[in-house]
Amino acid sequence: MSTKNLLFLLCSLPTVVFAQNINSDTTNIDEVLIQENRFQIPFNQHSRNIQVLTQKDLKNLPSTSINEVLRYVSGLDIRQRGPFGTQADIGIDGGSFDQTLLLINGVKLSDPQTGHHMLNIPIPLEAIERIEILRGPASRMYGINALTGAVNIVTKKVDHNSVYAHLYAGSSFKKVEEEDKSGIYYGSGIQVGETLNAQKHQHQLYATKEHSNGQRYNTGSNNERLHYQNNIVLNQDNRIQMMAGYINNKFGANGFYAAPGDKNSEENVETFLSSITSQHQINEKWYLSPRINYRYNEDDYRYFKDDLSKGRSQHYTHSFSGELHAYRQSKYGDLGLGVESRHESISSSNIGDHNRNNLGMFTEFRSTYFRNFIFNLGAYINYNTDYDWQVFPGLDISYLINDHWKVSASSGTSQRIQLLRIFT
């Protein structure tokens with residue numbers, strides 16, 4: 001029986017939240033600040049093609065994960081090969097998964113081996129404040145690999161103490177008879193979390209455990225996720241944010257890569273990511289924000305899961321980067337400057353050890369000096385050990401007709417740093 005004839009019923013128990021000091025508030029879309037690494041621009045004053053999924057949108061959509069939410073956005077192509085987002089890819093307006101940049105609070109999640117697991121992130125929907133989808137070349141804002149666009153996931157700011165739990169399960173409730181499998185398909189998961197709000201520091205911790213036996217033979221999965229982040233206020237002008245996440249995803253890979261011979265294949269993907277960001281107001285005009293982040297990914301593919309002596313491919317990748325962003329305010333406009341350095345390495349059982357370095361520099365000027373006109377002019381200058389020096393300029397212009405209507409146009413260039421033969 002084909003899977004299209006199965007009836008899948010999602011049974012989700014109500015989310016349980018115990019909270020203290022909760023203040024009722026309403027947020028309008030005009031009050032959303034688009035979180036770029038240098039500028040914080042109100043949504044209604046932005047000149048780019050940006051769509052924002054607010055917290056209200058996330059609650060109203062019938063979804064339990066980020067990849068399910070993004071399916072409702074026009075122009076986004078979300079593909080997954082297994083339950084609960086197993087090997088989920090994202091593309092924007094016809095671009096591939098390697099041409100879309102994914103970020104968490106401005107932290108880039110690029111991997112030198114593959115973009116197949118970019119949506120394998122540890123953050124539950126309950127921890128997300130909004131999702132920003134930027135269409136078109138975005139190198140001037142975020143750097144390389146934002147060829148067709150970027151998706152920035154912005155997490156919530158803690159303003160109260162709470163304990164959170166969410167249970168969910170689903171099943172076909174109908175026995176499936178296939179050549180290699182007989183039984184009832186099911187999947188289940190549990191998410192728990194806690195937030196702590198103090199005067200000078202705030203903390204968030206979430207854990208997720210999911211299991212599915214697969215919609216067909218050898219496509220079951222076991223997922224484990226942990227996410228922690230904090231915000232430490234040193235004083236009125238200085239603060240620090242730290243984030244760390246861990247994902248362990250094990251799944252049957254029948255038909256994923258080499259059908260029909262890979263019936264008994266299996267893949268284990270383990271990811272760790274971390275970042276430290278600080279924000280400093282130097283004086284009335286200058287603001288400074290340094291950041292360092294690290295991402296480790298281990299991909300263990302077993303063509304014969306019961307015989308590891310052959311058909312096994314193991315990849316270990318490390319990505320370490322440092323960034324420094326600054327902007328200066330004046331009556332004529334805002335000047336943004338930035339520099340980033342990134343080191344990528346891969347150690348593989350079948351292609352050996354390789355590494356490369358990337359250096360990027362940002363510059364942009366944004367002005368609202370002329371009445372009703374907003375323009376943003378800038379460029380990203382990039383050096384890569386494989387591609388030498390390249391420049392990616394861009395220009396955005398908007399005219400505000402009134403509080404509800406505006407006309408905007410943008411032009412820009414971007415680049416995708418290919419994985420190449422040594423990084424595939």
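Residues count as buried under 20% relative accessible area, as exposed over 50%, and as partly exposed in between. W389 has a relative accessible area of 48%, so this residue is partly exposed. The model discussed here is predicted.

Confidence varies along the protein chain. The mean pLDDT is 84, and 86% of residues reach 70 or more. Over residues 1–30, the pLDDT is below 50. The model nevertheless gives this stretch 58 contacts beyond near neighbours in sequence. Residues 420–424 also stay under 50 in pLDDT. For these residues, the model has 17 contacts beyond four places in sequence.

The protein chain contains three helices and 24 strands. It has 424 residues, of which 47% count as buried. Contacts were also sorted by separation in sequence. Among those between residues at least 6 apart, 60% join residues at least 24 apart. The accessible surface of the chain comes to about 20,600 Å². Carbon and sulfur atoms hold 54% of that surface.

A nonpolar patch lies on the surface. Its members are Y332, Y369, F370, F373, L377, L395, I397, Y399, I401, W405 and V407. Together they have about 1,100 Å² of accessible area. Strands β22 (373–384) and β23 (388–400) each supply at least two residues of the patch. The largest share, three residues, comes from β23. V407 lies in another element, strand β24 (residues 406–412).

Aromatic rings were examined next. The whole structure holds 12 aromatic pairs. One of them, Y287 with Y327, is stacked. The ring centres lie 4.7 Å apart, with 10° between the planes. This pair links distant parts of the chain, with the two positions 40 residues apart in numbering. Y287 sits in strand β18 (residues 286–302), and Y327 in strand β19 (residues 312–330). Y327 has a relative accessible area of 18%, so this tyrosine is buried.

A second pair, Y383 with W389, has a different geometry class: the planes stand at 45°, so the pair is tilted. Its ring centres are 5.1 Å apart. Y383 has 29% relative accessibility and therefore counts as partly exposed. W389, at 48%, is likewise partly exposed.

Ring pairs also form a cluster. F251, F256, Y257 and Y301 are linked in this way.

How values were computed: Residues are numbered from 1 along each chain as its sequence is written. This is a predicted model: local features need pLDDT of at least 70, side-chain atom pairs count only at pLDDT 80 or more; totals for chains, interfaces and linings use all residues. Side-chain values use heavy atoms; hydrogens and water are left out. pLDDT is the predictor's confidence in each residue, from 0 to 100. Contact means heavy atoms within 4.5 Å. Helices (H or I, at least four residues) and strands (E, at least two) are DSSP runs, numbered from the N terminus. Buried means under 20% relative accessible area, exposed over 50%, partly exposed in between (1.4 Å probe, protein chains only). Accessible areas come from the Shrake-Rupley method with a 1.4 Å probe; for residues, only the protein chains shown count as cover. Patches are made of residues with over 30% relative accessible area and no salt bridge: like charges are joined within 9 Å, nonpolar side chains (Val, Leu, Ile, Met, Phe, Trp, Tyr) within 5 Å. A salt bridge is a side-chain nitrogen of Lys or Arg within 4 Å of a carboxyl oxygen of Asp or Glu. Rings of Phe, Tyr and Trp (its six-membered ring) pair if their centres lie within 6.5 Å; planes under 30 degrees apart count as stacked, over 60 as edge-to-face and the rest as tilted.
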